[in-house]
Amino acid sequence: MLAFTGAVPGSRRALRDDALFAAGLAVLSGLLAAFVDDGRRPGLLGWSLLLCAHVPLAWRRGHPLLVLLAVVACVAPYHAVDYTHMAAVPVGMVALYTVAVSGRPRRALITGLLVVGITLTVNASVAPHQVADVLRISGWVVSVLLLGVYVRIHRQYVTSVLERAERAERTREEEARRRVAEERLRVARDLHDLLAHSITLVGVQTSVAAHVLAADPERLDRAAVAKALDDIADTCRSARGELRATLHVLRAGTADEPRGPLPGLDGLADLAEAARTSGAEVELAVREAQAPPAVGAAAYRIVQEALTNAVRHGGPGLTVQVRIHASDAALRVTVTDDGTAAVAPSHTPGFGLVGMRERARSVGGTLEAGPREGGGFTVSAVLPLASVGSAGFAGGGLQ
C-alpha cells in the first residue's frame, strides 16, 4: 500500500490515489488515538493537529520534502502536548518513507540525520526522561528510511532489467529487419546479374542467327545458324539452373539456408567463352589469383556485369581485356573494352554500376568505372583478400 501505484506525479490519478491513501491512514490514526493509552486523549486541538497532518499526504508523490515539513509542523506540537503518541507515528513514517523512496540515498541520509538529531536535541532539553523512548523511535525512523532506499534501488533494478529486455528485443527485431533487407538486396543483385547477362547474350546470339538467315538465302550458312541456336540453348540452360537455385533460397524463407557453392575465379573462363559467342574478342589473364570464396564470388559478379555491359553497348568489333591478379593483399580486377559506344546516348542508366560497387563494398573493396580516353570503358576493382567473412558472404552470389 505504501508503494506508488505507477501514476505520473502531479496527475489527477496520482492525487486521487494519494488522497484515498491519506484518508485510510487518517482512520487508522484515529483508531489508535481512541484506543491506545500512551498519552492524553486528544482534545479538539489534538484531533485537529492529527487530521491536518494527513492532508499533505495527498501531494506526497510530487512534493515529498514539502509534505514531510508540513507533517512535522503538525505532528511536533501534537507530541509536545503529550497526546497519544502512537496515533501520530504512521503519518510521520509514511512521510519519511516517501522522501526515501522518491529521492537519492544521500537525501534519505540527510533527512534521517536531521529528524533524529532535532528530535533528540529538543527532547534532551525539554524532557530528558524521554530520551530513551526517542532513541527507540529513532530506530524505527532509520528502518523506514532504509526500507524506502531499498525499494527505490529495487525499482531501479527492475526498471533497468525491463529496459534491457526491451532493448534486446528491439535489437533482435532491427537485426532481423536488417538481415531481411540485406537478403533482398543480395537476391536483387543476383537476379540482375543473372538476367541481364543471360538476356544480353541471348539477344546478341539471336541477332547473329537472324543476320545469317537474312543475309543471303541462297547461301545459307546452316552451321552458323546451328551454332548460334546451340549457344542460345546453353545460355538458357545455365540461366535456368542459376534461377532455380535462387528461387530455392527464396522459398526457404531464411538467409541461413545453404546457398550452394559460390561462383569464383574458376568460372571466369566460362564467362569469357560466353562473351566470345556474342562476337566479342575476350582476352582473359588470371595471374597468381587465390581468393577466399566471398572475394572470388564478388570478382566473378563484377566481371560478369562488366562483360554484359561491354557486349550490350560496345558496338561491332569489340575487344575486351580481363586482367586479374593479387597484389598488396588485395585482388585487383580490371575489365577494359575498346567499344565505340560504351554508353549509348539513349540508354537509361540501370543498376549495373550500382550493383558492381555494392559487390566491391560487400567485401571491403572499392570500384571505379568510367569511359576511356579514345573510346571504350574501364572497370577497375580492388578487393581485399582479408575481408570479413560475414560481410563477404553477404555479397556472394546465389548459385
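How many residues lie between S4 and S5 in their hairpin, and which turn residue has a positive phi? In this predicted model, five residues separate the two strands of the hairpin. The turn residue is Gly374, with a positive phi of about 90°.

The hairpin belongs to an open sheet of five strands. The strand order is S1-S2-S3-S5-S4, and the pairing is mixed. Strand S1 (281–287) and strand S4 (366–371) form the edges, each pairing on one side only. On average, neighbouring strands of the sheet are turned by 10° against each other, direction ignored. Strands of a sheet pair through backbone hydrogen bonds, in either a parallel or an antiparallel manner.

Strand S5 (residues 377–384) runs antiparallel to S4, and six bridges join the two. Within this pairing, Ala369 stands opposite Val379 of S5. Helix H9 (residues 293–313) packs on the sheet. The contacts of H9 take in S1, strand S2 (319–327), strand S3 (330–337), S4 and S5. The direction of H9 makes about 175° with that of S5. Helix H10 (residues 352–362) also packs on the sheet, where it touches S4 and S5. The direction of H10 makes about 155° with that of S4.

S5 is also joined to S3, by eight bridges, and these two strands run antiparallel. Here Asp337 has Phe377 of S5 as its bridge partner. The two faces of S5 can be told apart. Phe377, Val379, Ala381 and Leu383 make up the covered face. Thr378, Ser380, Val382 and Pro384 make up the uncovered one. Phe377, the partner of Asp337, is thus placed on the covered face. Val379, which stands opposite Ala369, is on the covered face of S5 too.

The helices were examined next, starting with H1. Helix H1 (residues 12–35) has 24 residues. At 1.5 Å a residue, H1 should span 34 Å; its end C-alpha atoms are 35 Å apart, so the two values agree. The buried residues of H1 include Ala14, Asp17, Asp18, Phe21, Ala22 and Leu25. Ala26, Ser29, Gly30, Leu32 and Ala33 are also among them. An α-helix has 3.6 residues a turn, so residues three or four places apart point the same way. The buried residues of H1 pack against helix H2 (44–54), helix H3 (64–80) and helix H4 (85–102).

Arg60 is found in the loop between H2 and H3. Its relative accessibility is 2%, so Arg60 counts as buried. The side chain of Arg60 makes a polar contact of 2.9 Å with that of Thr98.

Val141 is found in helix H6 (residues 131–215). This valine is buried, with a relative accessible area of 7%. Not counting residues up to four places away in sequence, Val141 touches Met93, Leu96 and Val116. Val141 and Leu96 are 45 residues apart in sequence, but 7.6 Å apart in space, C-alpha to C-alpha.

Aromatic pairing was also examined. A search of the whole structure finds one aromatic pair. The partners are Tyr78 and Tyr83, with ring centres 5.4 Å apart and planes at 45°, so the pair is tilted. Both Tyr78 and Tyr83 are buried.

Note on methods:
Residues numbered from 1 in each chain as written. Predicted model: local features only at pLDDT ≥ 70, side-chain atom pairs only at ≥ 80, totals over all residues. Heavy atoms only, no water. Phe/Tyr/Trp six-rings, centres within 6.5 Å; stacked < 30°, edge-to-face > 60°. Buried < 20%, exposed > 50% of the residue type's maximum accessible area, 1.4 Å probe, protein only. Pairing = 2+ DSSP bridges. Helix = DSSP H or I, 4+ residues; strand = E, 2+ residues; numbered from the N terminus. Axes fitted to C-alpha atoms, helices over the stretch in contact; angles between N-to-C directions. Contact = heavy atoms within 4.5 Å. Expected span 1.5 Å × (residues − 1). Polar contact = N/O pair within 3.5 Å; in protein donor to acceptor, adjacent residues only side chain to side chain.
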